[in-house]
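Thank you for coming, everyone. I would like to take a few minutes to walk through one structure with you, starting from a single residue and working outwards.

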Amino acid sequence: FFYAPCYIRFLSRLDYYLRIPLEFKEVSFYEEANESRKKETYPLGVLDDVEIHFLHYESKEEAFEKWTRRAQRINRENLYVAFSDRDGCTPEHIKTFDVLPF
């Protein structure tokens, strides 16, 4: 999953972020995530300034493999995006999402 600020950044420059190799880090931008990861460890991916929380994956290797495969399958001609009002979402994020070209 993405926290809302990262998801909006990701969607705003989708092609850019999909070209970047996924890396991993130990500390999140989000204090809530750091607290949560003390109880349940999971891989934390990063694409430049965007974090991806691989909550349901056991290892960085598994997360990397799944991310790479799924990123390659994205079809820009048949793409649907969704957004929810959780994980740090603000009214400004919703306004930004509503004007994205999807």
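If we set aside residues up to four places away in sequence, V81 touches Y7, L11, F97 and F102 in this structure, which, I should say at once, is a predicted model. As for where this residue sits, V81 belongs to the loop between α4, which covers residues 60–72, and α5, which covers residues 91–98. Is V81 buried, exposed or something in between? Its relative accessible area is 27%, and because buried means under 20% and exposed means over 50%, V81 counts as partly exposed. It may also help to look from V81 towards Y3, since these two residues are 78 residues apart along the chain, while their C-alpha atoms are separated by 15 Å.

Let me turn now to a helix. In α3, which runs over residues 31–39, the buried residues are A33, N34 and R37. Why do we say that they lie on the same side of α3? The reason is that they cover an arc of only 100° around the axis, and this puts them on the same side of the helix. On the other side of α3 we find E31, E32, K38 and K39, which are exposed. And what do the buried residues of α3 pack against? They pack against three strands, namely β1 at residues 23–25, β2 at residues 44–47 and β3 at residues 50–53.

With those two places in mind, we can step back to the protein chain as a whole. It holds 5 helices and 3 strands, and, read from the N terminus on, these elements follow the order α-α-β-α-β-β-α-α. The radius of gyration is 14 Å, close to the 13 Å that the globule rule gives for 102 residues, so the chain is as compact as a globular protein of that length. Along the principal axes, the C-alpha atoms fill a box of roughly 35 × 30 × 20 Å.

Of the 102 residues, 37% are buried. If we take the contacts with a separation of 6 or more, residues 24 or more positions apart account for 54% of them.

Finally, a word on the surface and the charges. The protein chain exposes about 6,900 Å², and carbon and sulfur atoms supply 50% of that area. Among the side chains, 15 are positive and 19 are negative, and the centres of these two sets lie 2 Å apart.

How values were computed:
Residues numbered from 1 in each chain as written. Predicted model: local features only at pLDDT ≥ 70, side-chain atom pairs only at ≥ 80, totals over all residues. Heavy atoms only, no water. Helix = DSSP H or I, 4+ residues; strand = E, 2+ residues; numbered from the N terminus. Rg over C-alpha atoms; globule rule 2.2 N^0.38 Å. Buried < 20%, exposed > 50% of the residue type's maximum accessible area, 1.4 Å probe, protein only. Contact = heavy atoms within 4.5 Å. Areas by Shrake-Rupley, 256 points an atom, 1.4 Å probe, with all protein chains shown as cover. Lys, Arg positive; Asp, Glu negative; His and termini not counted. Charge placed at Lys NZ, Arg CZ, Asp CG, Glu CD. Arc of directions from axis to C-beta.
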